[in-house]
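Trainee: I would like a close look at one part of this structure, please. Take a single buried residue and build outward from there.

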Amino acid sequence: MHEKKDSLYMQKSLQLAERGRGNVEPNPMVGAVVVSGGRIVGKGWHRMYGEPHAEVEALSDAGVQARGATLYVSLEPCNHYGKTPPCTQAIIDAGIRKVVIGMPDPNPDVAGRGAKRLRDAGLTVVEDVERARCEALNEVFIVNVTEKRPFILLKIAQTLDGYIAAQKGTSHWITSEESRVEVHRLRSLYDAVLVGAETVRKDNPSLTVRHVDGRQPQRILLTRSWNVSPAAAIFRDGGEDRTIVVTSKKSARTHAEFIGKLRKRGIRVIEVTTDTLEYASLKSALQVLFEEHSIRSILVEGGAEVFSAFVRARIADRIDIFTAPKIIGQGRGAFSGLRPLHLTDAYRYRVEDVLRMGSDVYTILRPDKED
């Protein structure tokens, strides 16, 4: 068991780390505090990609008070040269006596080396304090580093009886205004928003951030049929340079004329191999988006076939479900594209949190590690 004070100081480090959101990518968000005599004497966070890390900021803020003090940091200090020198050496040189670490570096080639370097230098090192919270803060970074692909969040708005659209395909508006504002906040945090052709046909979404202040994500259309109008909002709303279409190489050959017109407007079209179901391979698409377009996080907003494809491929890192207190009896289910024959074949997720969002219930789920 860790001491209560360790948890409190680590939570302060996490609050500081959050301030770097949107500015430090592709680096992780990291916060640090220096504690001496029972009080915080230095604070720091990673402010901008390429600038000093949180530990260095906190040590600089503490000055001579760092000698003999305890450093709390949300991520294991680096022990290698990158954009900046190793933080481990700065910690040792500052005279820190004890280091409390929230989570190890997720990079398997680096993990543990920072903590070992500090121990070898005679410092006391305590690890895994508030680790779950630290990992949740940097969930995108962890997937980027360990799996070399974007982090995937499925966002689902559904009725109480589990439908994302009525029988005629209409889905405006299932959830409350509060839930819709939260979805726009999520959009502002993600590099891209992805939908399938069915969603574009039926809803003609702009996939922009409107109800909150924040950056505009790139828009990704995943299609095999190309049954979409050239007048769709994502093709003609002035943000064409933020629109990407992902399709299979086979489908691209069939629709070469349409693709040529889109490319003339500045819309990027990515052609990938097909999977066993003759759909564009999600894994190939994510690799291209990650490596060639620097997309590190994707918010998937529908429809049912797209949701099902990500779950089937086991690359849904998180599912956020907004459930409205409405019953429609019949409609389209979020995962109607999945057809397991037995309950034992079900895709398993665990509930991480349940929140109230206006009149709706907001549930956050992650894959069951035992599945």
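Mentor: What follows starts at T323, then turns to other buried sites and the cysteines. This is a predicted model, where local features need pLDDT of at least 70, side-chain atom pairs count only at pLDDT 80 or more, and totals for chains, interfaces and linings use all residues. Residues are numbered from 1 along each chain as its sequence is written, and side-chain values use heavy atoms, with hydrogens and water left out.

T323 sits in strand β13, residues 318-323. Strands (E, at least two residues) and helices (H or I, at least four) are DSSP runs, numbered from the N terminus. T323 has 14% relative accessibility, so T323 counts as buried. Buried means under 20% relative accessible area, exposed over 50%, and partly exposed in between (1.4 Å probe, protein chains only).

Now the partners. The side chains of T323 and Q158 make a polar contact of 3.2 Å. That term covers a pair of N or O atoms within 3.5 Å; within protein, one must be able to donate a hydrogen and the other to accept it, and residues adjacent in sequence count only if both atoms are side-chain atoms. Setting aside neighbours within four places in sequence, T323 contacts Q158, T159, L160, D360 and V361. Contact means heavy atoms within 4.5 Å.

Compare N138. N138 lies in the loop between α5 (131-137) and α6 (139-147). N138 is buried, at 5% relative accessible area. Its side chain reaches the backbone oxygen of M29 at 2.8 Å. Not counting residues up to four places away in sequence, N138 touches P28 and M29.

Next, a helix. In α13 (residues 304-312), 7 of the 9 residues are buried, so by the under-20% cut-off the helix is mostly covered. Those buried residues are A304, V306, F307, S308, A309, F310 and V311. After α13 comes R314, with a positive phi near 60 degrees.

Last, the cysteines. The structure holds 0 disulfides, a disulfide being a pair of cysteine sulfur atoms within 2.5 Å. C78 is in none; the nearest cysteine sulfur, that of C87, is 3.7 Å away. C78 is buried at 9% relative accessibility. C134 is in no disulfide either; its nearest cysteine sulfur, that of C87, is 16 Å away. C134 is buried too, with a relative accessible area of 1%.
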